[in-house]
Amino acid sequence: LVQEIPTYKKGKVTWTDTSYEDDNISIKINIVRRYDTTCYIADVKIKHLAYLQAALAKNEFGRNIREYPTIMAKRNHAILAINGDYYGFRDKGLVIRNGVLFDPERLPRKDKDLLIIDKDGRFNIMPEEEANIIEVHNAGAWQSFCFGPGLLIDGNLAVGKYTEVDAYKTSNPRTAIGYIDDLHYLLVVSDGRTETEKGLSLLELAKVMQEFGCVDAYNLDGGGSSVMIFNDEIVNKPTSDGEKIRERSSSDIVYIGY
C-alpha cells in the first residue's frame, strides 16, 4: 500500500529562519538549552500523512549505500529533514519506507525496539522480534524504523536511569522523532561531543521529548550522524570527534515535504 502525495495547493507560503507555513504544513523550530546541550525542537503539523516522508541515499536500497543528508534533502525538495536510522549499516532490521517494504527476508534484530508509523500516522513501538513485517505492511504501515530504543510509550518514560546499557547512558548528539497527536509530530536533534555541548543521554532525550508534548517517541541514529536540515541549510552542529563541525554521509533521511 503506497500513499500518493495529495495534490493540495500550498496556498500562501511563509518562511522565516525558524518556521514554515502553508495550507498543509506547519513547522516551528525552537532552539533550547537542556542538560548543558543545545537542542533543536521542530514542531510539525501536517494535513496528510504523506507529507511525512523518508528518502534513501542515491534512491537505492542496500548495504553501505551512503550520501550526505543535505544532498538527499535537496533532491527531494525537503522543507525539513533529519537523519534516519542508518539501516544500511546493518544486515538485520525491518524496513518500510513510504509504504514500500524493502527486502522482506531481512531478519529482525534481537532485543531491539521497532517503530511503526501506521496508515493513520500513529506510532507503535514494539519489540522487533514480535513484529510480523508482512502483516504490518499489509495493514498499511507507512514507515518503520529499526534503531531505537523507544523513549516514550503512551506518555510514559520507556528508558530508565538504571535500565540503559552503557552505550545508552553516555551523552551524545541525538536524533529522535515523536508523536504528539493526530498528524502532529516532533523532530528533535541535539548537539554534543564538544567542549560547550555535552550531549544527551537517552533518558535526558526522553525527558526533552516528554517536556515538549510527545506521547510516543523513538530514538534514531545519533552521534556524528545527527543532523537537522531546514530550507537546505544545516541547523545544528554535527560532529563525530568534537573537532570538525560537518555532516556525515548516511543511508537515509526522514523529511517533511511534498
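How many helices and strands make up the secondary structure of the protein chain? The chain has four helices and 19 strands. Helices (H or I, at least four residues) and strands (E, at least two) are DSSP runs, numbered from the N terminus. The model is predicted: local features need pLDDT of at least 70, side-chain atom pairs count only at pLDDT 80 or more, and totals for chains, interfaces and linings use all residues. Residues are numbered from 1 along each chain as its sequence is written, and side-chain values use heavy atoms, with hydrogens and water left out.

The overall dimensions were computed next. The C-alpha trace of the protein chain spans about 45 × 45 × 35 Å along its principal axes. The radius of gyration of the chain is 17 Å, which agrees with the value near 18 Å for a compact globule of 258 residues. This radius is taken over C-alpha atoms, and the globule rule is 2.2 Å times the number of residues to the power 0.38. Of the 258 residues, 56% are buried. Buried means under 20% relative accessible area, exposed means over 50%, and partly exposed lies in between (1.4 Å probe, protein chains only). The accessible surface of the chain comes to about 11,700 Å². Carbon and sulfur atoms account for 48% of this surface. Accessible areas come from the Shrake-Rupley method with a 1.4 Å probe; for residues, only the protein chains shown count as cover.

Contacts (heavy atoms within 4.5 Å) were also counted. Among those between residues at least 6 apart in sequence, 71% join residues at least 24 apart. The chain carries 32 positive and 39 negative charges, whose mean positions are 3 Å apart. Lys and Arg count as positive and Asp and Glu as negative; His and the chain ends are not counted. Each charge is placed at NZ of Lys, CZ of Arg, CG of Asp or CD of Glu.

In soluble globular proteins, nonpolar side chains tend to be buried together. A nonpolar core is here a set of buried Ala, Val, Leu, Ile, Met, Phe, Trp, Tyr and Cys residues joined through side-chain atoms within 4.5 Å. The largest such core has 33 residues. Ile-27, Ile-46, Leu-52, Leu-80, Ile-177 and Tyr-185 have the most contacts inside it. Strand β4 (residues 37-46) gives the most to this core, with four residues. Apart from it lies another core, of 19 residues, including Cys-39, Ile-180, Cys-214 and Ala-217. Leu-52 has contacts beyond four places in sequence with Ile-46, Ile-177 and Tyr-185, among others. Its partners also include Asn-98, Trp-142 and Gln-143.

Helix α4 (residues 202-211) is mostly covered, with seven of its 10 residues buried. These are Leu-202, Leu-203, Glu-204, Leu-205, Ala-206, Val-208 and Met-209. Leu-205 has a relative accessible area of 0% and is therefore buried. Beyond four places in sequence, Leu-205 is in contact with Leu-151, Arg-174, Thr-175, Ala-176, Val-188, Leu-200 and Asn-219. The C-alpha atoms of Leu-205 and Ala-217 are 9.5 Å apart, with their positions 12 residues apart in sequence numbering. Gly-213, which follows α4, has a positive phi near 100 degrees.

Cys-214 sits in the loop between α4 and β16 (216-219). Its relative accessible area is 5%, so Cys-214 is buried. Leaving aside residues up to four places away in sequence, Cys-214 touches Leu-152, Gly-178, Tyr-179, Ile-180, Leu-186 and Met-209. Cys-214 and Ile-153 are 61 residues apart along the chain, yet their C-alpha atoms are separated by 9.2 Å.

Ile-153 also serves as a reference point for Asn-124: the two are 29 residues apart in sequence and 8.4 Å apart in space, C-alpha to C-alpha. Asn-124 is found in strand β10 (residues 123-127). At 37% relative accessible area, Asn-124 is partly exposed. Its contacts, not counting residues up to four places away in sequence, are Leu-114, Leu-115 and Ile-116.

Several loops show backbone features of note. A cis peptide bond joins Gly-148 and Pro-149, with omega about 10 degrees. Pro-149 lies in the loop between β11 (143-145) and β12 (150-153). Asp-36, a residue other than glycine, has a positive phi near 60 degrees. Asp-36 is placed in the loop between β3 (25-34) and β4. Its relative accessibility is 53%, so Asp-36 counts as exposed. Asn-59 likewise has a positive phi, near 60 degrees. The loop that holds Asn-59 runs between β5 (52-56) and α1 (69-75). Asn-59 counts as exposed because its relative accessibility is 55%.
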